[in-house]
Structures are given as C-alpha cells and as structure tokens.
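Please open the model in a viewer and keep the sequence panel visible. The tour below proceeds by selection, from single residues to the whole chain and back.

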Amino acid sequence: MSVAGMGFNGEPNKNGEVEIGYMINEQHQNKGYATKALQLLIKWAFTHNAVKAIIVHTYADNLPSMKILIKCGFEEVEKDRDGLLTYSLKKRVS
C-alpha cells in the first residue's frame, strides 16, 4: 500500500501553467507529508523556464487540501458552480 500520490498532469500549457494533483491515504494524513511533498514539487517545477504558474483543483468541502494549498502559498482564483475551486501559485520573478 502506498502512502500518497502526487504529480504533474502533463506539460505546461501555452500560458506556462502546469497542474499538480495529489492524494494521501487517510491513515497518513495530518503528518505534513503532503505539504512537504508539494513544497518540493513546487521548487522543482519552478526550476523549469517553461513553468510560469502551478494550478491545483480541489472541492470547496476539502478543507485539508485547501489548508495545504494556502500553507504552500497558493491563492484561490476560480470557483465553478459545482464547488470545484482552482488555486494558483505564480512563479516569482527575481
């Protein structure tokens, strides 16, 4: 049995956005694994010039996921009528 799964949903789109999806088995939740793994994926993704932003979709009733996204610096940018939220994290330009 795996602890979790996390990864990219394909290549960056024409706007330089790449989507990340994740899940963590219930017995391994609330231990910081998803937050740490997401932070590492963010860091890795932003080393690539083609990536300008990362997006994640979650449902409005998935409070643990929303907490992770906010902790990692994501901001809610869209909510559809079915309660699906889109969060985005833009690459900082130095």
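Leaving aside its neighbours within four places in sequence, with which residues is Gly5 in contact? Select Gly5 and then Gly21, Tyr22 and Met23, which are its partners; contact here means heavy atoms within 4.5 Å.

Before going further, note that this is a predicted model, in which local features need pLDDT of at least 70, side-chain atom pairs count only at pLDDT 80 or more, and totals for chains, interfaces and linings use all residues. Residues are numbered from 1 along each chain as its sequence is written, and side-chain values use heavy atoms, with hydrogens and water left out.

**The whole chain**

Display the protein chain as a cartoon; two helices and five strands appear, in the order β-β-α-β-α-β-β from the N terminus. Helices (H or I, at least four residues) and strands (E, at least two) are DSSP runs, numbered from the N terminus. For 94 residues, a compact globule would have a radius of gyration near 12 Å, and the 13 Å of the protein chain agrees with this. That radius is taken over C-alpha atoms, and the globule rule is 2.2 Å times the number of residues to the power 0.38. Reduced to its C-alpha trace, the protein chain spans about 40 × 30 × 25 Å along its principal axes.

Of the contacts in the protein chain with a separation of 6 or more, 54% are between residues 24 or more positions apart. Now switch to a surface: about 6600 Å² of the protein chain is exposed, with 51% supplied by carbon and sulfur atoms. These areas come from the Shrake-Rupley method with a 1.4 Å probe; for residues, only the protein chains shown count as cover. Buried residues make up 33% of the 94, where buried means under 20% relative accessible area, exposed over 50%, and partly exposed in between (1.4 Å probe, protein chains only).

**Strand β1 and the aromatic pair**

Return to Gly5, which lies in strand β1 and is partly exposed at a relative accessible area of 28%. A distance label from Gly5 to Asn49, 44 residues apart along the chain, should read 25 Å between C-alpha atoms.

How many aromatic pairs does the structure hold? There is one. Select Phe8 and Trp44: the ring centres are 5.7 Å apart and the planes lie at 40°, so the pair is tilted. Rings of Phe, Tyr and Trp (its six-membered ring) pair if their centres lie within 6.5 Å; planes under 30 degrees apart count as stacked, over 60 as edge-to-face and the rest as tilted. The pair links distant parts of the chain, since Phe8 is in strand β1 (residues 4-8) and Trp44 in helix α1 (residues 33-45), 36 residues apart. Phe8 is partly exposed at 30% relative accessibility, and Trp44 is partly exposed at 49%.

**Three loops**

Select Asn30, in the loop between β2 (17-24) and α1. Asn30 is not a glycine, yet its phi is positive, about 65°. Most residues other than glycine have a negative phi. At 81% relative accessibility, Asn30 counts as exposed.

Next comes Asp61, in the loop between β3 (53-59) and α2 (63-71); Asp61 is exposed, at 67% relative accessibility. Asp61 and Met6, 55 residues apart in sequence, are 20 Å apart from C-alpha to C-alpha.

Finish at Asp80, in the loop between β4 (75-79) and β5 (84-90). Asp80 is partly exposed, with a relative accessible area of 29%, and its C-alpha atom is separated by 9.7 Å from that of Tyr59, 21 residues away along the chain.
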